[in-house]
Amino acid sequence: TPAPAAPAAAAPLPPGQQSLVFNASAPSWVQVKDARGAVVLSKNLAAGESAQVAAQLPVQVVVGRVAVTTLQVGGQAFDLAAAAQGKDVARFEVK
């Protein structure tokens with residue numbers, strides 16, 4: 001029997017690219033634009049759903065419902081609350 005395939009997240013990314021992983025504990029939405037301004041992820045997330053994208057940095061990110069959404073950039077937790085500056089929608093750049 002063939003060995004199970006490694007998860008895509010385990011593959012090394014090309015230089016300059018970063019993996020972003022969003023998780024929602026309640027309905028939320030996310031949008032990511034890459035360095036060229038192209039939308040590489042635009043998704044409504046249901047409770048318990050996650051979304052992952054790898055994109056060329058810098059990326060523009062918009063997260064709706066910050067209180068119920070988490071983000072990991074390159075495996076590290078990102079502080080969405082600080083990016084939202086007290087609002088429920090965060091708009092920021094990951095460099």
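Two strands count as paired if DSSP finds at least two bridges between them. With that in hand, look at Ser19, which stands opposite Ala54 in strand 4. That match-up belongs to the pairing of strand 1 with strand 4, where seven bridges join the two strands and they run antiparallel. Strand 1 also pairs with strand 6, again in the antiparallel sense, over five bridges. Here Leu20 is the residue to look for, since it stands opposite Val73 in strand 6.

Before going further, keep in mind that this is a predicted model. Its average pLDDT is 89, and 88% of the residues score at least 70. Among the elements, strand 2 has the highest mean pLDDT, at 98, while helix 1 has the lowest, at 93. The stretch to treat with care is residues 4-9, where pLDDT stays under 50 and the model has one contact beyond four places in sequence. Where pLDDT is low, the predicted coordinates should not be read in detail.

Now step back to the overall layout. The protein has one helix and eight strands, and from the N terminus on the elements go β-β-β-β-β-β-β-α-β. A good share of the contacts reach a long way along the chain: of those with a separation of 6 or more, 57% are between residues 24 or more positions apart.

Next, find the open sheet built from four strands, in the order 3-2-5-8 with antiparallel pairing. Strand 3 and strand 8 stand at its edges; each has a single partner strand, so one side of each is left without a neighbour in the sheet. On average, neighbouring strands here are turned by 10° against each other, direction ignored. Within this sheet, strand 2 and strand 5 run antiparallel and are joined by five bridges. One residue to pick out there is Gln31, which stands opposite Val62 in strand 5. In a regular strand the side chains alternate between the two faces of the sheet.

What about the inside? Of the protein's 95 residues, 33% count as buried. The largest nonpolar core has 22 residues, and the ones touching the most other members are Leu20, Phe22, Val61, Val63 and Phe92. Many parts of the chain feed into this core: strands 1 to 6, helix 1 and strand 8 each supply at least two residues. Val63 makes a handy starting point for exploring. Setting aside its neighbours within four places in sequence, Val63 is in contact with Phe22, Trp29, Val30, Thr69, Leu80, Asp88, Val89, Ala90 and Phe92.

Phe92 deserves a closer look. A search of the whole structure finds one aromatic pair. The partners are Phe78 and Phe92, with ring centres 4.6 Å apart and planes at 15°, so the pair is stacked; the cut-off for stacking is planes under 30 degrees apart. The pair links distant parts of the chain, with Phe78 in strand 7 (residues 76-78), Phe92 in strand 8, and their positions 14 residues apart. How does burial look for the two rings' residues, buried or partly exposed? Phe92 is buried, because its relative accessible area is 10% and the limit for buried is under 20%. Phe78 has 28% relative accessibility, so Phe78 counts as partly exposed.

How values were computed:
Residues are numbered from 1 along each chain as its sequence is written. This is a predicted model: local features need pLDDT of at least 70, side-chain atom pairs count only at pLDDT 80 or more; totals for chains, interfaces and linings use all residues. Side-chain values use heavy atoms; hydrogens and water are left out. A nonpolar core is a set of buried Ala, Val, Leu, Ile, Met, Phe, Trp, Tyr and Cys residues joined through side-chain atoms within 4.5 Å. Buried means under 20% relative accessible area, exposed over 50%, partly exposed in between (1.4 Å probe, protein chains only). Contact means heavy atoms within 4.5 Å. pLDDT is the predictor's confidence in each residue, from 0 to 100. Rings of Phe, Tyr and Trp (its six-membered ring) pair if their centres lie within 6.5 Å; planes under 30 degrees apart count as stacked, over 60 as edge-to-face and the rest as tilted. Axes are lines fitted to C-alpha atoms, for helices over the stretch in contact, and angles run from 0 to 180 degrees between N-to-C directions.
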